[in-house]
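Let's take a walk through this one, beginning where the chains meet and ending inside one of them. Have the viewer open as you read.

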Amino acid sequence: MAEPRLRRPRGRDPLGLRRALSGRLLPGLVAAMALLAALAIAGARGAAGLTARWEGGAAAAMTVQLPPAAAADGRLSRALEALTELPEVAAARAMDQARLAALLRPWLGESPAFPLPVVIELRLAALPEDPAWLTSRIAAAVPGASVEAHGVWVARLLALARSLEAVALAALLLVAGIAVAVVAVAVRAGIAARRDAIALLHDLGATDADIAGRFAARAAWLVGVGGLLGTLLAVPVLAGFANLAAPLLGSSPGAGLAPPWQQAWQPWARLPWPELAALPLLAAALGWATAQATVRRWLRRLP
Amino acid sequence: MVRFAGVGLRYAEPPGRPPGAGQAALQDLTFTLPSGSFHWLLGESGAGKSSLLRLMQLAQRPTSGVVEVLGADLSRTRRRALPALRRRIGVVWQDFRLLPHLSVRDNVALPLRIAGRPEAGLLADVAEMLRWAGLDARADSLPAALSGGEQQRAALARAVVMRPALLLADEPTGNLDAAQARRILALLQEMHRLGTTVVVATHADALVRAFPAPALRLQGGRLMSHG
Ligand SMILES: Nc1ncnc2c1ncn2[C@@H]1O[C@H](COP(=O)(O)OP(=O)(O)OP(=O)(O)O)[C@@H](O)[C@H]1O
Ligand SMILES: [Mg+2]
């Protein structure tokens, strides 16, 4: 039977969803939200990277360094006692010589020609408002020591990076919530526009799953397309950010020496590709689930 | 096939009026329609004919009483079991309810597609149905381009395409001339001869005289006579 091709797909769209859930508004809105989501994901990932990198440095918030002889002549035990008495200090512990040697090995080699200093690691009760003031108090409590407070700054940056990560994840959740609301509103408008056709399908014996499935397939398609668009738009933006953030995240030692074409690829390689690839699929899944829930809820009013 | 016992129907109150204040659309209906029977459903406008048909097609739950259709007691049937029952009931609605954006062919194919019939064999059935209803020349038209009688026959073809066990027609000859009305009635009677249980609501007395059959007579929502 010679069938004109145009008509057959129409028969498979009895609810006229290609017009009731039109491809104009929803993909655009979702694209904007997917762009925001991609930025939030990249932000969370970047902040997580910084956190991981700085965590080690912040482990000892401050270090107190004594001359090598201090271990033998009792200055070390006196210094530990004095430090523990300071209310700002939660714990003071001498770093054992083997670990110190291991830390310094890259600079000093296997057996250093001179005795190593004694290093006390301090864990602070709270990050000090003014590290310089604490530094001078410790120097006064332990004569002859040199006090290093860079760990305090690292800890502050770490706290900042952790809050950034949390904020980025919260933004991601917020965007997802808005996306759900937007899809629900669009689907409800579609239902209102196709009320009679939905009621007819219902009366002809269509199941809720059938009717909801038609809406959900259409919504998933539109939202998936929007998600893909937004993600594609995000890629060059994120590559730019990755470039800016590269020095903070630390590049592999040979990076500066790599040939220029490889350097040009570096920002791309840093992007969170698996997350970005998952974004349109997750968006489509969210659109599908939202449409299913919205339509099924509405259908419950029919007998 | 269809059994009503003490059935009452009261539509939801318009907002602002106390519940129960409205007049019942149907009251205390008790009757049985045997399998394979043909019945007229008679009564003045507003007597409750469409409401009764809505109960029979499982598009409405009764406010009281027992409605049993195709062996299923509606009050004891779970909602998810209703679609399968509805697919065995063909309905010609008073206002046709043809989907305006679908061709006549796709409108008639709709029940088959809803039932999940594979596309391959489906169009042959639809074509046969359209031929039966005398619409093969109009298969590609949109409903708006059809005459009233053609729309009526398209609605009938859609109601019959699933070979229903129960066929309900609400004023199927409403605004047709006598020749068109007789043509529709002949199609309905043919379904009846093939074993379908048929109920036809009408207030066209001439037609009832031309096709004598048992009747349910409604007045003000009550059953006045049966048989
Ligand atoms: N959806 C509804 N909501 C509220 N009341 C309704 C509804 N449908 C029908 N009614 C009322 O129920 C009563 C019976 O209406 P119904 O449509 O069943 O009559 P009918 O016999 O089919 O009339 P007609 O011959 O004009 O089609 C009427 O009083 C009508 O106003
Ligand atoms: Mg009526």
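How many residue pairs are in polar contact across the interface of chain A and chain B? Keep in mind that this is a predicted model. The rule picks out seven such pairs, with both residues at pLDDT 80 or more. On the chain A side, helix 1 (7-11), helix 8 (195-203) and helix 9 (208-249) are the elements that give two or more residues to the surface touching chain B. Helix 8 of chain A has the largest share, with seven residues. Sort the residues on that side of chain A by type and you get 11 nonpolar, five polar and 11 charged.

Some of that charge is put to use in pairs: there are two salt bridges between chain A and chain B. In one of them, D203(A) meets R97(B), with the closest N and O atoms 2.7 Å apart.

Now step back to the whole contact. It draws 27 residues from chain A and 25 residues from chain B. Together the two chains bury about 2,400 Å², and 57% of that lies on carbon and sulfur atoms. Within chain A, the residues losing the most area to chain B are D203(A), L204(A) and P303(A), which together account for 27% of what that side buries.

Finally, look inside chain B. Here four strands make an open, antiparallel sheet in the order 2-1-4-5. Strand 2 (26-33) and strand 5 (72-73) of chain B are at the edges, each pairing on one side only. Strand 1 (residues 2-9) of chain B runs antiparallel to strand 2 of chain B, and five bridges join the two. To see how they line up, find V7(B), which stands opposite L29(B) in strand 2 of chain B.

Technical notes: Residues numbered from 1 in each chain as written. Chains lettered and ligands numbered in written order. Predicted model: local features only at pLDDT ≥ 70, side-chain atom pairs only at ≥ 80, totals over all residues. Heavy atoms only, no water. Pairing = 2+ DSSP bridges. Contact = heavy atoms within 4.5 Å. Buried area = accessible area lost by both parts, 1.4 Å probe. Salt bridge = Lys/Arg side-chain N within 4 Å of Asp/Glu carboxyl O. Polar contact = N/O pair within 3.5 Å; in protein donor to acceptor, adjacent residues only side chain to side chain. Nonpolar A, V, L, I, M, F, W, Y, C, P; charged D, E, K, R; others polar.
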